[in-house]
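Student: I would like a close look at the surroundings of ligand 2, please. Take your time, and connect them to the rest of the model.

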Amino acid sequence: MRIVAFNYRDIPNFPQSTVHGHAGRLVFGTLKGRPCVCMQGRFHLYEGYPIQKITMPMRIFKLLGVETVILTNAAGGLNQDYKVGDIMIIKDHLNMPGFAGNNPLAGPNEERFGVRFPCMSDAYDRELQQLALDVGLELGFSDFLREGVYCVLGGPSFETIAECRMLHKLGADAVGMSTVHEVIVARHCGMRVFALSLITNKAVMDYDSEEKANHEEVLQTGKQRAEQLERLVSTIITRLEHNNNFA
Ligand SMILES: O=P(O)(O)O[C@@H]1C[C@H](O)[C@@H](CO)O1
Ligand SMILES: Nc1nc2[nH]cnc2c(=O)[nH]1
């Protein structure tokens, strides 16, 4: 497989990755014969970037002809049935920064990308969710494949116990610091979206617990499940309709 990779620092006006574990490269290639572009590292609100800058790659993908976006993230499990290492197909989200007016579409609407008031009740493509469940079953992943609601917060501090309890009561199954802003911009410009959370740690919900969320555990769980995540995503891609470019 031939790939061409660009460091973010060599791409004019592109943000830079500042997070440990994010390589900061845009990689073009083919996956099982399908053309794709892959971000090795994304941008987060807590890095200090304006929300429009974080989501700029989505519009670049749209201009490159991408039709389907597949997003992954690391998240803390709020759902008490979830285990570390579970993979959650995101079926919906809670946009906490959005509640406070921090939405990537705030400001003048870019009409060439999409409408002023985009619908978000169909943000996560249902056919792709079903495809992921079918592929997961075939690969023998059903024991650790879940479907749930992802909640985004600004970070970088992890949640307090009271915050975790509140988010769980509000209907979130997992909590993280990314993805939702990218989804909103991708949907605004009409790309299909599929997203997965890897449950890298259990959110601490109990004052008697000795557990503490930490980035090392996040990276370690990511490494442990990397191969299965790769198989899941690459198999999903081979089953996408022909001529569907994706990121
Ligand atoms: O980029 P994602 O959302 O996968 O990364 C999560 C959120 C923080 O960047 C980091 C915390 O450990 O993992
Ligand atoms: N906000 C948040 N982000 C995460 N990313 C990975 N784990 C977590 C977590 O527990 N909370």
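Tutor: Happy to! A polar contact here is a pair of N or O atoms within 3.5 Å; inside the protein one atom must be able to donate a hydrogen and the other to accept it, and residues adjacent in sequence count only if both atoms are side-chain atoms. This is a predicted model, in which local features need pLDDT of at least 70 and side-chain atom pairs pLDDT 80 or more, while totals for chains, interfaces and linings use all residues. Residues are numbered from 1 along each chain as written, chains are lettered from A and ligands numbered from 1 in the order written, and side-chain values use heavy atoms, without hydrogens and water.

Let's start with the shell, meaning residues with a heavy atom within 4 Å of the ligand. Around ligand 2 stand Ala74, Ala75, Gly76, Phe158, Glu159, Val175, Gly176, Met177, Thr200, Asn201 and Val218. By class, six are nonpolar, four polar and one charged; Ala, Val, Leu, Ile, Met, Phe, Trp, Tyr, Cys and Pro count as nonpolar, Asp, Glu, Lys and Arg as charged, and the others, including Gly, as polar.

Which strands bring these residues in? At least two shell residues come from each of strand E4 (68-77), strand E7 (174-176) and strand E8 (192-202), and E4 gives the most, with three. Strands (E, at least two residues) and helices (H or I, at least four) are DSSP runs numbered from the N terminus.

Now for the polar atoms. On E4, a polar backbone atom of Ala74 is 3.3 Å from a nitrogen atom of ligand 2, and a polar backbone atom of Gly76 is 3.4 Å from a nitrogen atom of the ligand. Asn201 uses its side chain instead, placing a polar atom 2.6 Å from a ligand 2 nitrogen. The protein covers 95% of the 280 Å² of accessible area that ligand 2 has on its own; such areas come from the Shrake-Rupley method with a 1.4 Å probe, and for residues only the protein chains shown count as cover.

Ala74 leads us on to ligand 1. Its shell holds His22, Arg42, His44, Tyr46, Asn73, Ala74, Phe158, Met177, Ser178, His215 and Val218, which divide into five nonpolar, five polar and one charged. E4 supplies at least two of them, and so does helix H7 (215-239). A backbone N or O atom of Ala74 comes within 2.8 Å of a ligand 1 oxygen, a polar side-chain atom of Arg42 lies 3.1 Å from an oxygen of ligand 1, and a polar side-chain atom of His215 is 2.6 Å from an oxygen of that ligand. Of the 340 Å² that ligand 1 exposes when taken alone, the protein buries 91%.

Finally, let's step back to the whole chain. The protein chain has seven helices and eight strands. Its radius of gyration is 17 Å, close to the 18 Å of the globule rule for 247 residues, so the chain is as compact as a globular protein of that length; the radius is taken over C-alpha atoms, and the rule is 2.2 Å times the number of residues to the power 0.38. The C-alpha trace spans about 50 × 45 × 35 Å along its principal axes.
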